[in-house]
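Biologist: Before we begin, I would ask for guidance on how to read a structural model feature by feature. Please give the general idea and then the case at hand.

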Amino acid sequence: WGKDPLIEVEISEIPKALQIDDVAGLKLESFLVTDKVSMNVKLPEDGTYRIKIRDFSNKIVSQEKLTAKKGDNILKVYVNSLNTDSYTIELTDDNHVIMSSDVTSFYPNLAIVNKYSPAHIPKEKFCELYKWFFDERKKIPKSDPMNYVYKIILNSTYGLSNDKNSFLYDPQFTMFITVNGQLTLMMLYEMIMTRIPDAVALMQNTDGVETIIPREYIPQYMEVCKEWEEITGLNLEHDQYSKLVLADVNNYIAVDTNGKSKCKGRFEYEGLALHKNKSKLIIPKALYAYFVDGTLPEYTIKHNRNILDYCIGGKSKGAWRQHAIYVKNQVAKQDELQKINRYYISNKGCKIVKINKNDKREIQLESGQWVQTVMNKIEHKEWSDYDINEKYYLNAIEKEINNIIGIKDNQLMLFE
C-alpha cells in the first residue's frame, strides 16, 4: 500500500445511518450496501489514494487503491446480485440517478396485446372486454376509489385463471402470463445493462425494474425503453429516485428526485387499506424516519405519543381461545378473552396465550420475556401510565435496520 493518502471509513452510532471520518481533508459521504459502501469522493489533488472500510465490529471489510485527478467526483457502488440479499442504496452523486420503470397494468396488458384468453373463452370477446376495463380505468384519477375497483377487476381476472373453482380457470393462461411477463422484463433489463455504460442493476420485481445509471445516459435509457415498448406492445411508466432502501423486492422505501416517497410492504404506514394489518405502526414510522430523515429510533419512540401506533392485533380461529394469564395478590389468574384482541407490550401486565380447547395446546402471542396489556377499549391517560416497554419496539426496529445494512446478530448492535 505504500505511502498513498489514506481514506478510512468507520461506522458507528450517530443520528445518521453511518459515521464518516473526514480523513486527509476529503469530504466523504457514504451509505452501507450489505458489507460494502457507496462513496462520493471529491479529491483535492491528483494521485493514488488508499481506501479502507470498517464495519460496526471494527473489522476491515474492504480496502483498495483509487487513482484519480484533482476535483474528480467518483461514485463507487457495490451491490450484491439481483434479488438476493437485502441492501440499501443512497445516491450522493449529482452524476447518477436511480431509474425506475414499471409496466402499465402489466399482466392484463400481456393478455390484451398478445390476444390471449382462457382456452374456453373466445379470444376476441375476452380481449375486447378486458381492454374496455383497462381503458375505463385510465380515465379515472388514482385518487378516486373507482380506479381501485377497476384495478381489482383487471388483476383478479388473471388471478382467477389459477383458481380451479373459477369459471376463468385455465392454468395454461396463468403460465402464459407469468412466464412471458418475467421473460419480457428480463429482456428489458438485458437491453439496459448491455447498452447503458456503467449501469448497475438494483432490483427486478413483478412489473418493473430499478437501475442506477449515469445521468448523461438518461436519453439513451429512454430510447432503450421505447424500443422495448415497440417490441412488446406494452407501455412503461418512469420515475427517478434519489434514494432506494431495500429489504427485498416486496419491501422497500423509494424517494424520488422531488422528495416524494413511496413505501411498500412492511415499510407502509400511511393510508393503509382496511384489510391490511395495522399492528406496531411505530416500527415502519421509525424505519422511515431513520432511513429517510436520519432520525434515531430512540428519538422517534420518545416523541411518538399515539398509543395506537404501539398496539398489536391478536386473532384466534376455530378451537383456539385467547387467555390472559397474570398474578394478582400472589395468586395466578386466567381470564378468557375475546377472539380478536388489541394489546401492547408493557413493562408489567399479563401473558396472552392461545389455548386449544380440544387438546389444550398453548401458543404465546409474544414468546419470551415480553408481557402485554390488553387494550380492547381505548383509555386516555398520562403517557407514563401506559407503561410501554420501549425496549421491545427498539429491538424490532434495530433488527430490521441491521438486516438491511448487513449487520449480523452476533456483531455489535446499533443501539447497545
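Modeller: The turns that follow take up the overall make-up, one helix, some strands and the salt bridges. Please keep in mind that this is a predicted model.

Biologist: How many helices and strands are there in the protein, and what share of its residues counts as buried?

Modeller: The protein has nine helices and 20 strands. Of its 416 residues, 46% count as buried. The accessible surface comes to about 22300 Å², and carbon and sulfur atoms account for 49% of that area. As to contacts between residues at least 6 apart in sequence, 57% join residues at least 24 apart.

Biologist: How should I read a helix, and which residues of H4 are buried?

Modeller: An α-helix has 3.6 residues a turn, so residues three or four places apart point the same way. Helix H4 covers residues 171–195. Its buried residues are Phe173, Thr174, Phe176, Ile177, Gly181, Thr184, Leu185, Leu188, Tyr189, Met191 and Ile192. Met175 belongs to H4 as well, but Met175 is partly exposed because its relative accessible area is 46%, and buried would require under 20%. Together with Val179 and Leu183, Met175 makes a nonpolar surface patch of about 290 Å².

Biologist: What span should the 25 residues of H4 have, and how far apart are its end C-alpha atoms?

Modeller: At 1.5 Å a residue, H4 should span 36 Å. The end C-alpha atoms are 36 Å apart, so the model agrees with the expected span.

Biologist: How does one read the two faces of a strand, and which residues of S14 lie on the covered face?

Modeller: In a regular strand the side chains alternate between the two faces of the sheet. In strand S14, residues 312–315, the covered face has Ile312 and Gly314, while Gly313 and Lys315 make up the uncovered one. S14 pairs with strand S17, residues 340–346, in the antiparallel sense over four bridges. Within S17, Tyr343 is the bridge partner of Ile312.

Biologist: Is Ala332 buried or exposed, and what does Ala332 touch?

Modeller: Ala332 lies in strand S16, residues 331–336. Ala332 counts as exposed because its relative accessible area is 65%, and the class begins over 50%. Leaving aside residues up to four places away in sequence, Ala332 touches Tyr326 and Val327.

Biologist: How does one recognise a salt bridge, and how many are counted here?

Modeller: The test is a side-chain nitrogen of Lys or Arg within 4 Å of a carboxyl oxygen of Asp or Glu. By this rule there are twelve salt bridges. One of them joins the side chains of Asp135 and Lys131, at 2.9 Å from N to O. Both residues lie in helix H2, residues 123–138, four residues apart, about one turn of the helix. Asp135 is partly exposed at a relative accessible area of 22%, and Lys131 is partly exposed at 39%.

Biologist: Which parts of the chain does the pair of Lys302 and Glu390 link?

Modeller: The side chains of Lys302 and Glu390 meet in a salt bridge of 3.3 Å, N to O. This pair links distant parts of the chain: Lys302 is in helix H7, residues 297–303, and Glu390 is in helix H9, residues 390–405, 88 residues apart. Lys302 is partly exposed, with a relative accessible area of 46%, and Glu390 is partly exposed as well, with 24%.

Biologist: How far apart are the closest N and O atoms of Lys381 and Glu379?

Modeller: They are 3.8 Å apart, and the two residues form a salt bridge. Lys381 counts as partly exposed at 37% relative accessibility, as does Glu379 at 42%. Elsewhere, salt bridges that share partners join Lys131, Asp135 and Lys138 into one network.

Terms used:
Residues are numbered from 1 along each chain as its sequence is written. This is a predicted model: local features need pLDDT of at least 70, side-chain atom pairs count only at pLDDT 80 or more; totals for chains, interfaces and linings use all residues. Side-chain values use heavy atoms; hydrogens and water are left out. Patches are made of residues with over 30% relative accessible area and no salt bridge: like charges are joined within 9 Å, nonpolar side chains (Val, Leu, Ile, Met, Phe, Trp, Tyr) within 5 Å. Accessible areas come from the Shrake-Rupley method with a 1.4 Å probe; for residues, only the protein chains shown count as cover. Buried means under 20% relative accessible area, exposed over 50%, partly exposed in between (1.4 Å probe, protein chains only). The expected span of a helix is 1.5 Å times one less than its number of residues. Two strands pair if DSSP finds at least two bridges between them. Contact means heavy atoms within 4.5 Å.
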